[in-house]
Every structure is written in structure tokens, then in C-alpha cells.
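I opened this notebook to keep track of what I looked up in the structure, entry by entry, and in the order in which I turned to each topic.

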Amino acid sequence: MNVFGVGLPELAVIAAIGLLVFGPKRLPELGKTLGRTLKGFQSASSEFEKEFRKAVDTVEAEVTATSVLPAEQAQAAAPEPSAQPQASSAVPEHSPEA
């Protein structure tokens, strides 16, 4: 048995120290409180995981919906190429000297 790197001998030492510090009357009460706290953390973690998965699924659905365009829409959105390429007036033409 190995929980978070703590084996059975270590757990026995921790339990013995807890018994000495808190006494036999308060130790079951503290154990019950610790169990409730851990159960609360577990349920909060589970709820967080559900919300995270829901958000990831929503984003994936949006990305898929926007990135997949039908071929007709893609062609309609693309500009038509012109027959003659236009020369830029900002760049002077270079003529080779003979």
C-alpha cells in the first residue's frame, strides 16, 4: 500500500502520533472531518473536470464548424485572378544594358 509515497509503516507512525496528540476521544472525530473534507475536494474536482470537458468540447465544435467550409463557399470567397498582371508603379522596371 503506497499512498502519495507514504507506505504502511509511515501511516502507522502518523496514526500513533495523532493518537498521542489528540487522544482517543477526538481522533475519530478528526478522521470523520478529514473524510468529509476529502470527499468535498473530490466532488469539487469532479465538477471542475466536467465543466472543463464541456468547455473544451464547445471550443472544438466551434473550431470544426468554422474551419470546414463547403467548396462553393470557398470558391465564392476567393478573388478571381485577373487576365493581365499589373505592374507596380512604385518599383521601376529594370532594363538590361547591352
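Entry on Leu20. I looked up whether this residue is buried or exposed, and I noted that Leu20 counts as exposed because its relative accessibility is 74%, where the cut-off for that class is over 50%. I should record here that I am working from a predicted model. For its place in the chain, I found Leu20 in helix 1, which covers residues 8–67.

Entry on the surface patch. I then looked up the neighbours of Leu20 in this respect, and found that Leu20 belongs to a nonpolar patch on the surface together with Val13, Ile17, Val21 and Phe22. For the accessible area of these residues together, I wrote down about 530 Å².

Entry on the largest pocket. Phe22, which I had listed in the nonpolar patch, came up again in the lining of the largest pocket. The other lining residues that I noted are Leu11, Ile14, Ala15, Gly18, Leu27, Leu30, Gly31 and Leu34. I recorded a volume of about 200 Å³ for this pocket, and I entered its lining as 7 nonpolar residues and 2 polar ones, with no charged residue.

Entry on the salt bridge. How many salt bridges does a search of the whole structure find? I have 1 in my notes, and it joins the side chains of Arg53 and Glu49 at 3.1 Å, taken from N to O. Both partners sit in helix 1, and because they are 4 residues apart there, about one helical turn separates Arg53 from Glu49. I also looked up the accessibility of each partner: Arg53 counts as exposed, since its relative accessibility is 51%, whereas Glu49, at 41%, counts as partly exposed.

Entry on the whole chain. Last, I turned to the totals, and noted 2 helices and 0 strands for the chain. Of its 98 residues, 3% are buried, a class that I take as under 20% relative accessible area. The accessible surface of the chain comes to about 9,400 Å² in my notes, and carbon and sulfur atoms account for 63% of that surface.

Technical notes: Residues are numbered from 1 along each chain as its sequence is written. This is a predicted model: local features need pLDDT of at least 70, side-chain atom pairs count only at pLDDT 80 or more; totals for chains, interfaces and linings use all residues. Side-chain values use heavy atoms; hydrogens and water are left out. Patches are made of residues with over 30% relative accessible area and no salt bridge: like charges are joined within 9 Å, nonpolar side chains (Val, Leu, Ile, Met, Phe, Trp, Tyr) within 5 Å. Accessible areas come from the Shrake-Rupley method with a 1.4 Å probe; for residues, only the protein chains shown count as cover. A salt bridge is a side-chain nitrogen of Lys or Arg within 4 Å of a carboxyl oxygen of Asp or Glu. Buried means under 20% relative accessible area, exposed over 50%, partly exposed in between (1.4 Å probe, protein chains only). On a 1 Å grid over the protein atoms alone, a cavity is a set of points where a 1.4 Å probe fits but cannot get out, and a pocket is an open set with protein on both sides within 12 Å along at least five of seven lines; lining residues have an atom within 4 Å of a point. Grid points are joined across faces, edges and corners, and a volume is the space filled by probe spheres set on the points. Ala, Val, Leu, Ile, Met, Phe, Trp, Tyr, Cys and Pro count as nonpolar, Asp, Glu, Lys and Arg as charged, and the others, Gly among them, as polar.
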